[in-house]
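User: Please take a close look at the pockets of this protein and at what surrounds them. I am a first-year student, so keep the sentences short.

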Amino acid sequence: PSLAIWCGNNEIDEAWHKWGYKEDAKNYPWSDADKANIRKGIDDLFFNEVLPGVLKEEDPTRSYHPSSPLFSWGDPRSQTSGDVHYWGVFHGEEPFSVYKDKPGRFSNEYGHQSFALYDTWKKWFKADELFYLSDAFKVHQKNPKGYRVIKEYMQPEVDIDTTDLRSYIYLSQLIQADGIRVAMEGHRQNRPFTQGSLYWQLNDCWPVTSWSSMDYPYGYKALQFFAINSFAPTILSYNYKDKEGVVELWGITDELAEKTGTYNVSLIDMNGGVLWQTDEQFTIKSNSSVKLDSRPVDELLAGNKAEDVALKLTYKVDGKEMSRIFLFKPYKEVNFAEPKFDVSYKQSGKTVEATITAHTLLKAVLFESEMPQQNPSDAYFDMYPGQTRTITLKFDEEKPLDQLKLNVRTLNSTIKK
C-alpha cells in the first residue's frame, strides 16, 4: 500500500496560530474562553491525544505526525524539523532562488501561479471576455493578489504586453515552470538532507488561474512538462549559485542501482557555433545525488558576452539521450537569434506528427493551433541548432491541416515582438 504516515491535519495548526483568526474579532467574535478551548483542542487534545490514541489501536505499524506543517514557513525550525510548506515564494513574494536557500527536510507544499491554457479560456469564456483582467478573468482567480504577483514575477524575465493575451498566458506558464523547477531539482540536489519534494498543486476542479500544473480538465501547462523531466528517475541538472557566480552540474538518481554514462558540455552561440566543449563520464551512486562539476561563470564564458551564448548539455543514461540549455542572463537580456527551423507535418485522423529541426537555438517551443488540442507529447522544450524532434499533436476533431492553422511558438519570437 502507498500509505506511509498518518497526519493529523493540514494547516489547521498553522492557520490558528499564524493566520489571524484569534485577532479577527470582527469576523470571529470568540470569547477568551472560546479561544482557550480551540487552542487546547488543536495543541493538546484532538491532534496530540485523541488521534494518536486511536491510531495506536487501529494501525500501530505506521508513524503519526500531528500537523502538516509542524512549523510555519517563517519559523526557522521548519527548515530542520518535520515537513515544510514553503510559501516565501508567491505569498511572501521572495525570489525563486530562495528555494535553494530554504529547502527544508521534506518540502511538501510550495508553488506559484500561472494562467490556464488558452484553449481552456476559449472554451469557457465568451469571445468578448477574452482579454486580460476582464470581469470573467477576475472571477476565475481566488487569490486577491494573484494577478499582481504573477505579473511581478514575470517582469524581471520578460517585457509584458497585456494586450496580447495568448502570449501573456504562454509567458506566465513558462515563468511558473522555470521557478518551480528551481525547487524540484534543488530539493533533489540537496539530498540526503532534503528527502521529499511535492509542489502545490497538480490539477484544478474548474477553469481558473492557479498554482496547478494541469488545468481543468487535465490540460498540461508548462509546469507539467517540466515536472515530468525534473522528476525523471535519473537526470543531470544545473544549479546557478548567483551569489557566488558559480554554475554547478549535478547528477541525480532515485533508482536503486548505480548509474553511469557520458555527457558533453559546450558553450555555443545562438546559431550553434561551438566556442568550447568537453566530454566527460559520470557515476551516480544508487538513490543519491552528486556534484559532477562546478565552475565560475567567467571561466565558462571564456571571454564571451553572457547575453550572446548558452551552455548546451547533452548526456546519455540507459541508452537514452537527453539535453539541457542553460542561459546566463534573464530572458529579456538574451540576444536570441531569430528562430530558424524546418517543420513538417504528417497527419493521421485526429493525430499530427510534427517534425521540427532547429537551425538556431530555440527556447520553449510550443505548437499552437486555432483548433482545440489535447495534450501534446511534449511542449515548452528547448532545441539546440541541428537537433531534430518529432512531437505528437492530438486534436478533438479531425480537420485538414490547413484548417488546424498550426503555429510554432518560441520564446525567441514572443519576446522580440
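**The second largest pocket and its surroundings**

Analyst: This is a predicted model. Start with the second largest pocket, which has a volume of about 770 Å³. Its lining is made of 33 residues. Find Asn229, Met322, Ser323, Asp378 and Arg389, since these lie nearest the centre of the second largest pocket.

Which elements each supply at least two residues of this lining? There are helices, α7 and α8 (222–230). There are also strands: β7, β12 (309–317), β13, β17 (381–383) and β18 (388–394). The largest share comes from β13, with six residues. By type, the lining of the second largest pocket has 15 nonpolar, seven polar and eleven charged residues.

Now stay with the two helices. The axes of α7 and α8 are 8 Å apart, and the helices pack at an angle of about 20 degrees. Angles under 35 degrees count as roughly parallel, so α7 and α8 are roughly parallel to each other. Their crossing is right-handed. On the α8 side, the contact uses Ala222, Leu223, Phe226, Ala227 and Ser230. These meet a set of residues in α7, including Leu174, Ala177, Asp178, Ile180 and Met184. The residues of this contact divide into eight nonpolar, three polar and four charged.

Asp178 leads on to the largest pocket. Asp178 is in the α7 contact with α8, and Asp178 is also one of the residues nearest the centre of the largest pocket. The others named there are Glu157, Val182, Tyr240 and Phe326. The largest pocket has a volume of about 980 Å³ and is lined by 30 residues. Here α7 (165–189) gives the most, with eight residues. At least two residues each come from α6 (146–154), α7, β7 (234–241) and β13 (320–327). This lining holds 14 nonpolar, six polar and ten charged residues.

So much for the pockets; what about enclosed space? The structure holds one cavity of 30 Å³ or more. About 100 Å³ of space lies in the largest cavity. Its lining has 13 residues, and Leu249, Val265, Asp293, Arg295 and Leu300 lie nearest its centre. The strands β8 (246–253), β9 (259–269), β10 (274–284) and β11 (288–296) each supply at least two residues of that lining. By type, the cavity lining divides into eight nonpolar, two polar and three charged residues.

Methods:
Residues numbered from 1 in each chain as written. Predicted model: local features only at pLDDT ≥ 70, side-chain atom pairs only at ≥ 80, totals over all residues. Heavy atoms only, no water. 1 Å grid on protein atoms, 1.4 Å probe; cavity = no way out; pocket = protein on both sides within 12 Å on 5 of 7 lines; lining within 4 Å. Points joined across faces, edges and corners; volume = space filled by probe spheres on them. Helix = DSSP H or I, 4+ residues; strand = E, 2+ residues; numbered from the N terminus. Nonpolar A, V, L, I, M, F, W, Y, C, P; charged D, E, K, R; others polar. Axes fitted to C-alpha atoms, helices over the stretch in contact; angles between N-to-C directions. Parallel < 35°, antiparallel > 145°, perpendicular 65-115°, else oblique. Left-handed = near helix turned anticlockwise from the far one by under 90°. Contact = heavy atoms within 4.5 Å.
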